[in-house]
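Trainee: I am new to this structure. Please pick one part, look at it closely, and then walk me outward from there.

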Amino acid sequence: MTRASVIRDDLVAYVERSGFVAHGLHVLAGADVAEHRWTPDIREDVHSVAKGVCVLAAVMAADDGRVSLDAPVATLVPDVALGAGVETVTLRHLLSMSSGIDLPWSETMMTDWPDLAREFLGRPSRGRVFQYSNASTYTAMRALSGVVGDVGEFLQQRLFTPLGIGDAAWDRCPNGYIVAGSGLRLRTGEMARLGRLIRDRGVWRGRRLVAAEGIDAMHTEMVPAGTSPAYDRYGLAGWGGPGAAWRLHGAYGQLLIFRGDAVVTVSADDHGGADAFAAHAVARVEARRAR
């Protein structure tokens, strides 16, 4: 048996033992792949895993020389009235949730105001304070659209098509922009392709799609995010942990878990069980590394 299949079999047993409501599982370990499904293979909302995809969009635009992640976002949206302190907020701050702008999530966030990005940037900043909000990623992509055009189309051409993912579908706000912080629908295997690309620092089948430095920043440029062990540090869309691993983590258990040369990809419908699954997955990957 391959290392990937051993890890897969252990995780399948864990799911069936724990009751974690998993839909699909993909394990990449070195060059080996193993998969398992509990439900039909359909596209599902990957929720906040989409934030990582938005980071890739920004990194590719920066690599093109179209934008700097460290320039004030106000230079990309010059016609927006800024709240106090927002003039120093950058794309990097928005993507790392460190803008200090407070706008809590709600189911009606996209329709509560005529323009969510204007509302967000018009609120004051408390400085470089972690403040997790889908509005932050949405605003970053609104700003990016000023230099790349429609971000969904940009990502389709530059990222999804090279990965063999056709017609990636995004939810859109009433103004026609991608929701960005969520609302991207992918199959488990399609999400796993993103995982392989990220593990391989932006290279897909010998072709560089994303700058390695931008990939690294997803999990190395961490900002303090709180006191919970599973949520105490955050990079460019990546959460630190469990342990020495890091992950892209979407609501209801959408996970890309990275540890060394292994990536565990899960689609699920179990918000409360995701952290325990992630911890078990990392332990099993590390156990196989130790042999």
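Mentor: Start with a facing pair: Trp 170 stands opposite Leu 184 in strand 5. Keep in mind that this is a predicted model. Trp 170 belongs to strand 4, which covers 169–170. Strand 4 and strand 5 (residues 184–186) pair in the antiparallel sense, over 2 bridges. They are part of an open sheet of 3 strands. Its order is 3-5-4, and the pairing is antiparallel. Strand 3 (44–45) and strand 4 are the edge strands, so named because each pairs on one side only.

Now take the loop between strand 4 and strand 5. Arg 172 lies there. Its side chain meets that of Asp 150 in a salt bridge, 2.8 Å from N to O. Asp 150 sits in the loop between helix 5 (134–148) and helix 6 (151–160), so the pair ties together parts that are 22 residues apart in sequence. How buried or exposed are the two partners? Arg 172 counts as partly exposed, at 38% relative accessibility. Asp 150 is also partly exposed, at 26%.

Go on along the chain from strand 5 to helix 7, residues 188–199. Helix 7 has 12 residues. From its first C-alpha to its last it reaches 16 Å, close to the 16 Å expected at 1.5 Å a residue. It is mostly covered, with 9 of the 12 residues buried. Among them are Met 191, Leu 194, Leu 197 and Ile 198. Charged residues appear in that buried set too, including Glu 190 and Arg 199. Just after the helix, Arg 201 takes a positive phi of about 55°.

Helix 7 also leads to a pocket. Together with helix 8 (212–220) and strand 12 (254–259), helix 7 is an element that supplies at least two residues to the lining of the second largest pocket. Helix 8 gives the most, with 3 residues. The space there is about 160 Å³. Of the 13 lining residues, His 219, Trp 246, Phe 258, Arg 259 and Gly 260 are the closest to the centre. By class, the lining has 7 nonpolar, 2 polar and 4 charged residues.

Strand 12 takes you to another link. Asp 261 lies in the loop between strand 12 and strand 13 (262–268). Its side chain forms a salt bridge with Arg 3, at 2.7 Å from N to O. Arg 3 is in helix 1, so this pair ties together parts that are 258 residues apart in sequence. Asp 261 is partly exposed, with a relative accessible area of 30%.

Follow Arg 3 into helix 1. This helix runs over residues 3–18 and has 16 residues. It reaches 22 Å from first C-alpha to last, close to the 22 Å expected. Its buried residues include Ile 7, Leu 11, Val 12 and Val 15. An α-helix has 3.6 residues a turn, so residues three or four places apart point the same way. After helix 1 comes Gly 19, whose phi is positive, near 85°.

Last, go back to salt bridges. The count comes to 20. Some join into a network: Asp 79, Asp 115, Arg 118 and Arg 142 are linked. Within it, Arg 118 and Asp 79 meet at 2.9 Å, N to O. Arg 118 lies in helix 4 (residues 116–121) and Asp 79 in the loop between helix 2 (49–63) and helix 3 (91–95), so they tie together parts that are 39 residues apart in sequence. Asp 79 counts as exposed, at 53% relative accessibility, whereas Arg 118 is partly exposed, at 37%.

Technical notes: Residues numbered from 1 in each chain as written. Predicted model: local features only at pLDDT ≥ 70, side-chain atom pairs only at ≥ 80, totals over all residues. Heavy atoms only, no water. 1 Å grid on protein atoms, 1.4 Å probe; cavity = no way out; pocket = protein on both sides within 12 Å on 5 of 7 lines; lining within 4 Å. Points joined across faces, edges and corners; volume = space filled by probe spheres on them. Helix = DSSP H or I, 4+ residues; strand = E, 2+ residues; numbered from the N terminus. Expected span 1.5 Å × (residues − 1). Buried < 20%, exposed > 50% of the residue type's maximum accessible area, 1.4 Å probe, protein only. Salt bridge = Lys/Arg side-chain N within 4 Å of Asp/Glu carboxyl O.
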